[in-house]
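Thanks for asking me to look this over. Could you keep the model open while you read my comments?

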There are 2 protein chains.
Amino acid sequence: MLKITRKVEYALIALRHMQQASEHSVSSTTEIATQYGIPQHLLAKILQQMARDNLIQALKGPAGGYKIKADLDKISLKDFFEKLEGPLGLMDCYFNTDCLQMKSCNILTPLQRINQNMRDMFSKTTLMEITQ
Amino acid sequence: MLKITRKVEYALIALRHMQQASEHSVSSTTEIATQYGIPQHLLAKILQQMARDNLIQALKGPAGGYKIKADLDKISLKDFFEKLEGPLGLMDCYFNTDCLQMKSCNILTPLQRINQNMRDMFSKTTLMEITQ
DNA sequence: ACTATATACGACTATTTTAATCGTATATAA
DNA sequence: TTATATACGATTAAAATAGTCGTATATAGT
């Protein structure tokens, strides 16, 4: 429990890789997948999603690939996680209000406080802090 | 991702229930399961584990049940989570050193810092803050 | 124009983790 | 003795995560 997914891991690895590549060069899926031992097709899907989210820019064709588009200093880890994996919460009822136990639940309020702490923590960290 | 398990949820609900019951009374599995809509057998296993961990005390036989044994003020949420679910880390490689990508991983160090932040956060919160 | 190499993307399958169930044994108050 | 409770291992079910496959499209280089 309380783990990040491989999807997020792979996305971070790729971002850091691009961040460290020279300014105007692009990194291809194959290059990144090979270097870090990531399943190529899986990484491809993740990079495509990041491109849709405008985190990175895609360049098609031979000698194509991706490069960083967004300002990583302005994107929090919380926003990044939510872009890739959806709402961030310790429990589903933070967003989803259809828990049948809602009425009788006796730990909702205290857990929401903890939850907010976690969200704050990830809000205060920028992507740049991971990738630089 | 980054969710607590139902097991932990149920454990917290049960603890809070016992905490709010009168000092010398015991709460049975059936009573708690019924009140909060928790599968009885599942809750039973969880309470048994908490009893083994000396968080609560079991009383067998008719009119039996459980009551709080530990000092909830002295137990951090981190320790509680680890008792129930094992090592607490954003990624497995925090404890488990058999990740094949370890050598090439370019985000290990920054992620470990984030991980430590999370552990610190749960270390600073006591069980009492959830159950009182 | 052709070809090789790259991204784009939906559908599918496999694996792992989490959640829940079942059966049986043991303790004990009434 | 009986009813009600905990104890616990084995098994199954469900959900979330991880990975694969096939096909389409774009484009640089020749």
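Here are my notes, point by point.

1. First, the ground rules: this is a predicted model, in which local features need pLDDT of at least 70 and side-chain atom pairs count only at pLDDT 80 or more, while totals for chains, interfaces and linings use all residues. Residues are numbered from 1 along each chain as its sequence is written, chains are lettered from A and ligands numbered from 1 in the order in which they are written, and side-chain values use heavy atoms, with hydrogens and water left out.

2. Let's start with the protein–protein interface. Chain A puts 40 residues in contact with 40 residues of chain B (contact being heavy atoms within 4.5 Å). The two chains bury about 3,800 Å² between them, with carbon and sulfur atoms giving 65% of that area; buried area here is the accessible area (1.4 Å probe) lost on putting two parts together, summed over both. M1(A), L2(A) and K3(A) supply 20% of what chain A buries against chain B, more than any other three residues.

3. On polar links across this interface, the rule finds two salt bridges (a side-chain nitrogen of Lys or Arg within 4 Å of a carboxyl oxygen of Asp or Glu). In D92(A) with K3(B), a salt bridge, the closest N and O atoms are 3.6 Å apart. There are also 18 residue pairs in polar contact between chain A and chain B, both residues being at pLDDT 80 or more. A polar contact is a pair of N or O atoms within 3.5 Å; within protein, one must be able to donate a hydrogen and the other to accept it, and residues adjacent in sequence count only if both atoms are side-chain atoms.

4. Which elements build the side of chain A that touches chain B? Those giving two or more residues are α1 (6-20), α2 (29-36), α4 (77-85), α5 (108-124) and α6 (127-131) of chain A, and α5(A) gives the most, with eight residues. Helices (H or I, at least four residues) and strands (E, at least two) are DSSP runs, numbered from the N terminus.

5. Now DNA strand C, which 25 residues surround, the closest being R52(A), Y66(A), R6(B), L42(B) and P62(B) (near means a heavy atom within 4 Å). Sugar and phosphate make up 61% of the atoms of DNA strand C that come within 4 Å of the protein. A polar side-chain atom of Y10(B) lies 3.2 Å from a phosphate oxygen of this strand, and a side-chain N or O atom of K45(B) is 3.5 Å from a base oxygen.

6. DNA strand D also has 25 residues around it, with R6(A), L42(A), P62(A), R52(B) and Y66(B) the closest. A polar backbone atom of R6(A) is 3.0 Å from a phosphate oxygen of DNA strand D, while a side-chain N or O atom of Y66(B) is 2.7 Å from a phosphate oxygen of that strand. K45(A) brings a polar side-chain atom to 3.4 Å from a base oxygen of DNA strand D.

7. Lastly, please look at the hairpin of chain B. Strands β1 (residues 56-59) and β2 (residues 65-68) run antiparallel and are joined by four bridges (strands pair if DSSP finds at least two bridges between them). A58(B) stands opposite Y66(B). Five residues separate β1(B) and β2(B), and G61(B) in the turn has a positive phi of about 85°.
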